[in-house]
Amino acid sequence: MPVAAAAPAAVRASRPAGLFRLADLLAQAVEEHTRPVCRRYGLGRTGLRVLTELRYAGAPYTLAAGELARAVGVTSGALTGCLDRLEEAELATRLPVPGDRRRLAVRLTAQGVRTAGLILADLDRVQREALPPSDPRADLLVALLDTLTDALPRRKP
């Protein structure tokens, strides 16, 4: 039984707690559906998120390490371990930030750009299977989730 199938009618009954519970169930379902993609590319969830964030950043597929950690929602220590693995796999590299020896930037390698593109295609397929774009509820769901995300205060990891 999928994680998200756990009594949604019961959790909808009390807002806002029900809303947060549904969001948690959605996060669990997303995790469940992205796990095979992570395995296919030999990545953990953080590695997958780092690669896709850098790919979404556009050419030259580079972000400051602190900005990347915030976007992915991890601490700088967790990002360091992830980047060690991505560098070992030759998917990303760390670069000094000109004028500030304390800061680093992270850039996808050519292999990282290709791999991130394949990952995004796989994730798109998984998402289309879960909620086809032709489903009239898809746009409404995106708008509602955007509203909820924008309304919640962001915390630093």
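What is the mean pLDDT of the chain, and what percentage of its residues reach 70 or more? The structure is a predicted model, and its mean pLDDT is 85, with 87% of the residues reaching 70 or more. Confidence varies along the chain: among its elements, helix α1, which covers residues 8-12, has the lowest mean pLDDT, at 54, whereas α3 has the highest, at 95.

The strands offer a convenient place to begin. Strand β3, spanning residues 100-108, pairs with β1 (residues 62-64) in an antiparallel manner through three bridges, and in this pairing Thr62 stands opposite Arg107. Strand β2, made of residues 92-97, also runs antiparallel to β3 and is joined to it by six bridges; here Leu95 has Ala105 of β3 as its bridge partner. Between β2 and β3 there are two residues, and the two strands form a hairpin in whose turn Gly99 takes a positive phi of about 85°.

The backbone also deserves attention in the loops. Most residues other than glycine have a negative phi, and most peptide bonds are trans. In the loop between α3 (45-56) and β1, where Pro60 is placed, a cis peptide bond with omega of about 10° joins Ala59 and Pro60. Tyr61 belongs to the loop between α3 and β1 as well, and although Tyr61 is not a glycine, its phi is positive, at about 55°. A further case is Glu90, in the loop between α5 (76-88) and β2: Glu90 is not a glycine either, yet has a positive phi of about 60°, and its relative accessible area of 52% makes it exposed.

From the loops we can turn to the interior. The largest nonpolar core has 26 residues, of which Val50, Leu51, Leu68, Leu79 and Leu86 touch the most other members. At least two residues of this core come from each of α2 (17-41), α3, α4 (65-72), α5, β3 and α6 (110-130), and α6 gives the most, with five residues. Leu86 shows what such contacts look like in detail: when its neighbours within four places in sequence are left aside, Leu86 is in contact with Leu43, Gly47, Val50, Leu51, Leu91 and Ala92.

Charged side chains add another set of links. Side chains of opposite charge can pair when their charged atoms come close. The whole structure contains eight salt bridges, and one of them brings together the side chains of Arg40 and Asp122, at 2.8 Å from N to O. Because Arg40 lies in helix α2 and Asp122 in helix α6, this pair ties together parts that are 82 residues apart in sequence. The two partners differ in their surroundings, for Arg40 is partly exposed, with a relative accessible area of 47%, while Asp122 is buried, with a value of 14%.

Arg94 forms a salt bridge with Asp84, and their closest N and O atoms are 2.5 Å apart. Since Arg94 lies in strand β2 and Asp84 in helix α5, the parts that this pair ties together are 10 residues apart in sequence. Both residues are partly exposed, Arg94 with a relative accessible area of 22% and Asp84 at 40%. Asp84 and Arg94 also belong, together with Glu87, to a network of salt bridges. Finally, the side chains of Arg102 and Asp100 meet in a salt bridge of 3.3 Å, N to O, in which Arg102 is exposed at 77% relative accessible area and Asp100 counts as buried at 17%.

Terms used
Residues are numbered from 1 along each chain as its sequence is written. This is a predicted model: local features need pLDDT of at least 70, side-chain atom pairs count only at pLDDT 80 or more; totals for chains, interfaces and linings use all residues. Side-chain values use heavy atoms; hydrogens and water are left out. Two strands pair if DSSP finds at least two bridges between them. Helices (H or I, at least four residues) and strands (E, at least two) are DSSP runs, numbered from the N terminus. Buried means under 20% relative accessible area, exposed over 50%, partly exposed in between (1.4 Å probe, protein chains only). A nonpolar core is a set of buried Ala, Val, Leu, Ile, Met, Phe, Trp, Tyr and Cys residues joined through side-chain atoms within 4.5 Å. Contact means heavy atoms within 4.5 Å. pLDDT is the predictor's confidence in each residue, from 0 to 100. A salt bridge is a side-chain nitrogen of Lys or Arg within 4 Å of a carboxyl oxygen of Asp or Glu.
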